[in-house]
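Ready for a bit of structure reading? Here are some exercises with worked solutions, so have the viewer open and try each task before you read on.

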Amino acid sequence: MTDARPNTTPLVELDDVVKHFDVRLGAFGGVRGVVRAVDGVTLTIGARETLGLVGESGCGKSTVGKLIARLDQPTSGAVRLNGTDISHLPERRLRPMRRDVQMVFQDPYSSLNPRMTAGRIVEEPLLEHGIGDRAGRRESVRALFEKVGLRATLTTSYPNALSGGQRQRLGIARALALEPKLIIADEPVSALDVSVQAQVINLMERLRNETHVAFLFVSHDLAVVEHISDRVAVMYLGQIVEAAAKTDLFARPTHPYSELLMQAVPRIDRGRQRRSAPVGEVPSPLNPPPGCRYHTRCPLAEDICRRETPSLRTIAPGHAVACHVRAP
Amino acid sequence: MTGATEATISASAMPDTADAPILRVSNLTVRFEMLARTVQAVSDVSFEVKRGETFAVVGESGSGKSVTALALTRLLAVPPARIAAGEVILDDRDLLSLSETELRDIRGSDIAYIFQEPMTSLNPSMQIGRQIAEAVERHRNASQSAAMARARELLELVRMPDAESRLAVYPHQLSGGMRQRVMIAIALACDPRLLVADEPTTALDVTIQAGILALLRDLQDQTGTGLILITHDLAVVAETADRMMVMYAGRKVEEGPVDAVLSSPRHPYTEGLMGAVPRLGSSLHADASKPLAEIPGLVPALDRPIAGCAFAPRCSYATGQCRSERPALTTVGQDHVSACFEHARIGTSP
């Protein structure tokens, strides 16, 4: 499970995936623009692997998750699930594959139907895929509740009667109902209080060890991603700038943006800081800089960085970096 | 006063050095009285903030930290809120007994607030230069042109790039981090003696957060203003604050110099919060695969009296005494207090 490089077909393969959104700008919607949310992403997720995807708002990490779940279709490139390109598969052929990929969202308040009981919410995916009879489904719901640490008496409760942590457990139970091969968790603990956050992280780790489900863990929180992932990919303005097994990444962050992120995270154990503020802000994905997208903020930028987009180059087994200076 | 060393250093450059507190809160108690129930959101909370000092108030949702901050200048809606007891002393005046008109002068000019979400605090249809200038005019008898000049200075002070041309932009044209800089500029418009920042960086990306925290620290060094930093993030506290108070279920459960509290917490809730957060670099340590330390259970409801210590049902150190008797704050170190019968055992068991 800790092996980040499976030798068979990976569970998920993204091959030069691009997703552009058309937007209208200006007061009357006259001007058109293109947001390059995802701009040439290539990555794999192995069976049983937890891949962490980190980056700041607008970097495209959530869009990557949606493309893998086929909640959205790429503008170009391939999204393969068990070797089959699902990016333009018709819904009829997609349906059986949907079972394999489930999502857990950030906001357990808005991602659960307020008019359904907790039990029904977890039963719903089983119904939708015509799995089991009534008694069988009831038994599955009971088992799923137990698995995520929800009391069985809560099956008749409505989401608004549950705490934030309980709702997130419910969202996880729903995601597990179809025994998926991959769960895409998009900021699953960001809306929770610290003490509850630890409960949910531990739950996800335990479930992963028990069920061998793979995870794509999308988050802005570097420390949480480091804790839970086997491998981590760092995104900046629609592109992956560095990807490695987590111990390699956190021991040797090589892309200047990975370094900046790690320096910016406040830490409980290094005392009062008088460090200077990081340089600049993320440019708009509507009009990303040419060449390396990070060059406008990068202390190492050279001429070539302003002209040519660096590609991901392998600098050590399983460790890839897109930087003209650090990985020439 | 070990907790004040930083403050003393920065204050020593100031004309009137004073270790005397600029704000003293005693026995603050706030209730929300609704038709069916009464929630005691803050119970008997006391603390002080000194000049140039950053005082962190730490807790999770429902701990009473934000209610405490709003109660200082009676910003809570009455009803349902009622400040049932306590004093908030600023310059020998009890803010809780002032008239609304007198308080309005205090807000902004003596105590200014910075909130989490700048977009909801800014007027979306007014240029930011005008919004800052209005804050200047409201509290100083400045002419319009003088106020606008001051607005530009303030934007430069908060390191807004290209300040002059930004005076004419609207809030939606700015990023979240830049909006928060505008909010800080408005808060600084009248040189407040005390800034209250309620989760000022929680909605921001980590690189932007680092910039805002660095800015707050620099401004404090320059102006000597006191800062109450309300946050759930102990790492932010570790890097920015001098002293801290941890709140649970509306009460202060631990208070002391940041270094002392974080290096040897004396309340199980503080210890629990510290263990519940993964730390950057954890994968490089031997115990990398260890699960996080959970605080089991949930925060208690505050609409009925709690027998004993409110944390006892979630506490691994709890004894029979904890469940029947409420622990008072006791001194556990220099300037360090904890409300825990078992404080000597913290860090020794499970």
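The exercises below go from one chain, through its sheet, to domains and the contact between chains. Keep in mind throughout that this is a predicted model.

**Exercise 1. The build of chain A**

Task: Work out how many helices and strands chain A has, and explain why its radius of gyration agrees with a compact globule.

Solution:
- Begin with the secondary structure: chain A contains 10 helices and 12 strands.
- Next, take the extent of the C-alpha trace, which spans about 70 × 50 × 50 Å along the principal axes of chain A.
- Now compare with the globule rule. A compact globule of 328 residues would have a radius of gyration near 20 Å, and chain A has 21 Å, so the two agree.
- Then look at burial: 48% of the 328 residues in chain A are buried, where buried calls for 20 or more other C-beta atoms within 10 Å of a residue's own.
- Finally, turn to the contacts in chain A with a separation of 6 or more: 66% of them come from residues 24 or more positions apart.

**Exercise 2. The sheet of chain A**

Task: Trace the open sheet of chain A and find which strands are its edges.

Solution:
- Follow the strand order β6-β7-β8-β3-β9-β10-β12-β11 in chain A; these eight strands form an open sheet with mixed pairing.
- The edges are β6 (101-104) and β11 (313-316) of chain A, each of which pairs on one side only.
- From one strand to the next, the twist averages 20°.
- For a closer look, pick β10 (residues 239-245) and β12 (residues 319-321) of chain A, which run antiparallel and are joined by two bridges.
- Here A:Glu242 has A:Val321 in β12(A) as its bridge partner.

**Exercise 3. The sheet of chain B**

Task: Do the tracing for chain B, and say in which sense β6(B) and β7(B) pair, parallel or antiparallel.

Solution:
- In chain B, eight strands form an open sheet of mixed pairing, ordered β6-β7-β8-β3-β9-β10-β12-β11.
- Its edge strands are β6 (111-114) and β11 (330-333) of chain B, each pairing on one side only.
- The twist in this sheet averages 25° from one strand to the next.
- At the β6 edge, β6(B) pairs with β7 (residues 194-198) of chain B in the parallel sense, over four bridges.
- Within β7(B), B:Ala197 is the residue that stands opposite B:Ile114.

**Exercise 4. Two domains in chain B**

Task: Locate the domains of chain B and describe the side of domain 1 that touches domain 2.

Solution:
- Chain B is divided into domain 1, made of 1-110 + 192-277, and domain 2, made of 118-191.
- Their centres, taken over C-alpha atoms, are separated by 25 Å.
- Across the boundary, 13 residues of domain 1 of chain B are in contact with 13 residues of domain 2 of chain B.
- On the domain 1 side, the elements that give two or more residues are α3 (100-109) and α9 (206-223) of chain B.
- The largest share, six residues, comes from α9(B).
- By class, this side has nine nonpolar, four polar and no charged residues.

**Exercise 5. Where the chains meet**

Task: Find which element of chain A gives the largest share of the side that touches chain B.

Solution:
- First, the count: 39 residues of chain A are in contact with 38 residues of chain B.
- Then list the elements of chain A that give two or more residues to this side: α6 (194-211), α7 (222-228), α8 (246-251) and α9 (256-264).
- Of the side of chain A that touches chain B, α6(A) gives the largest share, eight residues.
- To finish, sort by class: this side of chain A has 17 nonpolar, 12 polar and 10 charged residues.

Terms used
Residues numbered from 1 in each chain as written. Chains lettered and ligands numbered in written order. Predicted model: local features only at pLDDT ≥ 70, side-chain atom pairs only at ≥ 80, totals over all residues. Contact = placed C-beta atoms within 7 Å. Nonpolar A, V, L, I, M, F, W, Y, C, P; charged D, E, K, R; others polar. Pairing = 2+ DSSP bridges. Axes fitted to C-alpha atoms, helices over the stretch in contact; angles between N-to-C directions. Rg over C-alpha atoms; globule rule 2.2 N^0.38 Å. Buried ≥ 20, exposed ≤ 12 C-beta atoms within 10 Å, placed from the backbone. Domains from an automatic or database assignment.
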